[in-house]
Amino acid sequence: MTPVESALRERIQEIPDPCSLATGVPLGIGEMGLIESVVHQEGKVTVRLHITSPMCMMAAYFMREIEQRLTGQEGVESVHVEFDHDLKWTPQDIHPDARERLAAKRITMLGGRMIPRGEAPTSR
């Protein structure tokens with residue numbers, strides 16, 4: 001990942017995940033493990049996101065938030081958001097610190113899936 005891509009990723013990390021907000025443990029999409037990639041080529045930025053469920057109704061919200069946070073940044077001419085419809089996201093992708101915060105509130109499911117305890121996130 002280039003320094004520009006890292007900076008762009010940092011700008012979207014904290015976009016709140018509405019499902020986690022509903023649990024009372026607000027997590028950013030970065031902590032949730034929803035950001036698959038951020039690619040910057042010749043002014044074009046492509047952000048690829050995971051979704052937690054085939055019933056996820058937040059795609060438009062995520063797209064709008066990402067576009068608002070990245071449009072107008074130096075070197076960014078356009079922003080395109082793609083979604084992983086293969087449902088590769090699993091609760092193991094949640095950052096361990098975030099999983100601990102969920103566990104402290106006794107939250108055991110997110111996105112309709114069980115949250116594992118004490119496991120490291122999977123790498124892709």
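**Exercise 1. Determine which residues Leu49 touches beyond its neighbours within four places in sequence, and place Leu49 in the nonpolar core.**

Solution.

Step 1. In this predicted model, neighbours within four places in sequence are set aside, and Leu49 is then found in contact with Ile29, Leu34, Ile35, Glu36, Phe62, Ile66, Val81, Glu82, Phe83 and Asp84.

Step 2. The largest nonpolar core has 29 residues, and those that touch the most other members are Leu49, Ile66 and Ile94.

Step 3. At least two residues of this core come from each of H1, S1, S2, H3, S3 and helix H4 (96–104). With four residues, H3 gives the most.

Step 4. A general tendency provides the background: in soluble globular proteins, nonpolar side chains tend to be buried together.

**Exercise 2. Describe the sheet: state the order of its strands and how they pair.**

Solution.

Step 1. The sheet is open and consists of three strands in the order S1-S2-S3, with mixed pairing.

Step 2. Each of S1 and S3 has a single partner strand and stands at an edge, so one side of each is left without a neighbour in the sheet. From one strand to the next, the twist averages 15°.

Step 3. Strands of a sheet pair through backbone hydrogen bonds, either parallel or antiparallel. Six bridges join S1 and S2, which pair in the antiparallel sense; in this pair, Val38 stands opposite Val47 in S2.

Step 4. S2 and strand S3 (residues 78–84) run parallel and are joined by seven bridges. Lys44 has Ser78 in S3 opposite it. Between S2 and S3 the chain passes through H3, and this β-α-β crossover is right-handed.

**Exercise 3. Establish which residues of helix H1 are buried, and what they pack against.**

Solution.

Step 1. Helix H1 spans residues 3–12, and its buried residues are Glu5, Leu8, Arg9 and Ile12.

Step 2. These residues are on the same side of H1 because they cover an arc of only 100° around the axis. The general rule is that an α-helix has 3.6 residues a turn, so residues three or four places apart point the same way.

Step 3. Pro3 and Glu10 are exposed, and they are carried on the face of H1 turned away from its buried side.

Step 4. The packing partners of the buried residues of H1 are strand S1 (35–41), strand S2 (44–50) and helix H3 (59–70).

Step 5. The direction of the helix can now be added: H1 lies across S1 and S2 and runs at about 135° to S1. H3, in turn, lies across S2 and S3, running at about 150° to S3.

**Exercise 4. Decide whether Val45 is buried or exposed, and list its contacts outside its neighbours within four places in sequence.**

Solution.

Step 1. Val45 belongs to strand S2.

Step 2. A residue counts as buried under 20% relative accessible area. The relative accessible area of Val45 is 1%, so Val45 is buried.

Step 3. Apart from neighbours within four places in sequence, Val45 is in contact with Leu8, Val38, Val39, His40, Leu70, Val76, Ser78, Val79 and His80.

Step 4. A distance completes the description: 9.3 Å separates the C-alpha atoms of Val45 and Thr71, which are 26 residues apart along the chain.

**Exercise 5. Glu42 and Leu87 are not glycines; state where each is located and what its phi value is.**

Solution.

Step 1. Glu42 is placed in the loop between S1 and S2, and these strands form a hairpin with two residues between them. The phi of Glu42 is positive, at about 50°.

Step 2. Glu42 has a relative accessibility of 73%, and therefore counts as exposed.

Step 3. Leu87 is located in the loop between S3 and H4, with a positive phi of about 55°. At 25% relative accessibility, Leu87 is classed as partly exposed.

**Exercise 6. Classify Arg99 as buried or exposed, and state how far its C-alpha atom is from that of Arg9.**

Solution.

Step 1. Arg99 lies in helix H4. Its relative accessibility is 3%, so Arg99 counts as buried.

Step 2. Arg99 and Arg9 are 90 residues apart along the chain, and their C-alpha atoms are separated by 21 Å.

Note on methods. Residues are numbered from 1 along each chain as its sequence is written. This is a predicted model: local features need pLDDT of at least 70, side-chain atom pairs count only at pLDDT 80 or more; totals for chains, interfaces and linings use all residues. Side-chain values use heavy atoms; hydrogens and water are left out. Buried means under 20% relative accessible area, exposed over 50%, partly exposed in between (1.4 Å probe, protein chains only). The arc is that of the directions from the helix axis to the C-beta atoms. Contact means heavy atoms within 4.5 Å. Two strands pair if DSSP finds at least two bridges between them. A crossover is right-handed if, with the strands pointing away from the viewer, the path from the first strand over the helix to the second runs clockwise. A nonpolar core is a set of buried Ala, Val, Leu, Ile, Met, Phe, Trp, Tyr and Cys residues joined through side-chain atoms within 4.5 Å. Axes are lines fitted to C-alpha atoms, for helices over the stretch in contact, and angles run from 0 to 180 degrees between N-to-C directions.
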